[in-house]
Amino acid sequence: MAEGVRSVTRSGVAAARDLLAPSRRSAVPPFMVMDVMAAAARIEEAGGRVMHMEVGQPAAPAPATAIAAAQRALAGGKIGYTEALGIPPLRARIARHYRESYGIEIDSGRVAVTTGSSAGFIFAFLALFEPGDRVAVACPGYPPYRHILTALGCEPVLIEVSAATRWSITAETLLAAHRMAPLAGVLVASPANPTGTMIAGDRLEELIRAAEDAGIKFISDEIYHGLDYAFPAETAAKFSNRAVIINSFSKYFCMTGWRVGWMVVPDALVRTVDRLQQNLAISVPALSQIAAEAAFDGRAEMEAVKHGYEVNRKVLVEGLPRAGLDKFLPVDGAFYLYADVSRFTNDSFAFAKRMLEETHVAATPGIDFDPVHGREFVRFCYAGSEADMREAVQRIGDWLRRG
Ligand SMILES: Cc1ncc(COP(=O)(O)O)c(C=O)c1O
């Protein structure tokens, strides 16, 4: 009897534990930058002034046109669900953006409004891939690409990029990975996070051709378009109407917290994305969609913000080498500079932590983006003020000279 009670209790404990056990696919790694942010917050609570170069978001607010449109809509009272693919005027305005910015015609019926580009990845992966499918992404790269793929049961395949291929996946490296084991897809970003590097238009076209000829589905993350300094960013939509394009109002339009982005999807997948959105989110917040449409009228304001990034970029490109950080990737676009700190450390997390404690400059250790070589890199975001950039360069220089 006693034995029976014990075994029931044991299995009861096990059952309770099972009820609380997270699924294996939900075990995605955390963002190490959060630890840096928490340490920065502690310094600020104690009265210190931190130069925030760790978080990849603009310091500026959304365009005044967007804020005013949202305020008008809010005053009107009713904010309801919208059509799953987005409000028609916003979809039409996004289509017009392709004509104005890239000189190509996109049917507004192919535009799907999403909750930031983050939701775009989920829809793209669900629409294009089966569980077990192998999908190539660049390493270093934006961590959620691989983590979302894993959570959805796909296998991220990391293609190491380096100076030899101008820090991007090329037709050759993609096909080499495909020969080793077939790929179902590839996701490319230009400008990229964390490297800030870009792919030239002819290289992008070549990559898309190579992918599609080999039956590899192409996804283009164009979230940093508009923030290009080295040469103009080209949309994959120009080269293929089978590629899935993902974009967002978060970066160029400074609307991270509004959570609104978009996809351009092939005709054949429009209804699929429509059904996914209906079921997973119903619609994107209406207020954000209204603001997003008006954001396009605030381009002059956003170009001034972009000009500020260009000034900051120059401050860092000229100042960091003098400060002692003289090895970094080409600073082509977005608002990131990816610095090689291997001369000082093989533990970028400890380096970033010590830099924060001793200089109050917060940056992101490369291990977030690259499990292979990230220990030798640190990412600096230059979306803050010029004064902060100058101060940061000064502090880093003094610190590195002190040793
Ligand atoms: C390369 C890249 N893609 C996508 C995102 C996600 O942005 P959002 O969901 O705000 O559009 C980010 C955010 O930092 C990013 O750096």
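User: Let's start with one residue of this predicted model. Is Phe 377 buried or exposed?

Analyst: Happy to help! The cut-off for buried is under 20% relative accessible area. Phe 377 has a relative accessibility of 8%, so it falls under that cut-off and counts as buried.

User: How many aromatic pairs does the model have, and what kind of pair do Tyr 224 and Tyr 336 form?

Analyst: The count of aromatic pairs comes to 20. For Tyr 224 and Tyr 336, the ring centres are 5.5 Å apart and the planes meet at 80°. Planes over 60 degrees apart count as edge-to-face. Because 80° is the angle here, this pair is edge-to-face.

User: How many residues apart in sequence are the parts that this pair of Tyr 224 and Tyr 336 ties together?

Analyst: Tyr 224 sits in the loop between strand 6 (217–221) and strand 7 (244–248), while Tyr 336 belongs to strand 9 (residues 336–340). The pair therefore ties together parts of the chain whose separation in residues is 112.

User: What are the relative accessible areas of Tyr 224 and Tyr 336?

Analyst: Both values are under the 20% that marks a buried residue. Tyr 224 is buried, at 4%. Tyr 336 is buried too, at 1%.

User: Which kind of aromatic pair do Tyr 338 and Phe 377 form?

Analyst: Their ring centres are 4.8 Å apart, with 5° between the planes. Planes under 30 degrees apart count as stacked. With 5° between them, the rings of Tyr 338 and Phe 377 are therefore stacked.

User: How many residues apart are Tyr 338 and Phe 377?

Analyst: This pair links distant parts of the chain. Tyr 338 is in strand 9 and Phe 377 is in strand 12 (residues 377–381). Tyr 338 is buried, with a relative accessible area of 1%. As for the separation of the two in residues, it is 39.

User: Where is Tyr 382, and what is the C-alpha separation between Tyr 382 and Tyr 336?

Analyst: Tyr 382 is in the loop between strand 12 and helix 13 (386–402). Its relative accessible area is 0%, so Tyr 382 is buried. Beyond its close sequence neighbours, Tyr 382 touches several residues, including Tyr 229, Tyr 309 and Tyr 336. Tyr 382 and Tyr 336 are 46 residues apart along the chain, yet their C-alpha atoms are separated by 6.1 Å.

User: Which residues form an aromatic cluster with Phe 125?

Analyst: Phe 125 lies in helix 5 (residues 116–128) and is buried, with a relative accessible area of 1%. Leaving aside neighbours within four places in sequence, its contacts include Leu 187, Ile 219 and Tyr 145. The last of these, Tyr 145, is also in the cluster. The other members of that cluster are Phe 121, Phe 129, Tyr 142 and Tyr 145.

User: Which elements do the buried residues of helix 6 pack against?

Analyst: In helix 6 (residues 143–151), the buried residues include Tyr 145, Ile 148 and Leu 149. These three are also contacts of Phe 125 in helix 5. The buried residues of helix 6 pack against helix 5, strand 3, strand 4, strand 5 and strand 6.

User: What arc do the buried residues of helix 7 cover around the axis?

Analyst: The buried residues of helix 7 (residues 171–180) are Ala 171, Leu 174, Ala 177 and His 178. They lie on the same side of the helix, because the arc they cover is only 135°.

User: Which exposed residues are on the face of helix 7 turned away from its buried side?

Analyst: The buried side has cover that includes strand 3 (134–139), strand 4 (155–160), strand 5 (185–189) and helix 8 (201–213). The face turned away from that side carries the exposed residues Arg 179 and Met 180.

User: How much of the ligand's accessible area does the protein cover?

Analyst: The ligand is surrounded by 14 residues, with Ser 118, Asp 221, Ser 248, Ser 250 and Lys 251 the closest. An oxygen atom of the ligand is 2.7 Å from a side-chain N or O atom of Lys 251, and a polar side-chain atom of Asn 193 lies 2.7 Å from a ligand oxygen atom. On its own the ligand has 400 Å² of accessible area, and the share covered by the protein is 92%.

User: What is the omega of the cis peptide bond joining Ser 190 and Pro 191?

Analyst: Pro 191 lies in the loop between strand 5 and helix 8. The cis bond joins it to Ser 190, with an omega of about -5°.

Notes. Residues numbered from 1 in each chain as written. Predicted model: local features only at pLDDT ≥ 70, side-chain atom pairs only at ≥ 80, totals over all residues. Heavy atoms only, no water. Buried < 20%, exposed > 50% of the residue type's maximum accessible area, 1.4 Å probe, protein only. Helix = DSSP H or I, 4+ residues; strand = E, 2+ residues; numbered from the N terminus. Arc of directions from axis to C-beta. Contact = heavy atoms within 4.5 Å. Near = heavy atom within 4 Å. Polar contact = N/O pair within 3.5 Å; in protein donor to acceptor, adjacent residues only side chain to side chain. Areas by Shrake-Rupley, 256 points an atom, 1.4 Å probe, with all protein chains shown as cover. Phe/Tyr/Trp six-rings, centres within 6.5 Å; stacked < 30°, edge-to-face > 60°.
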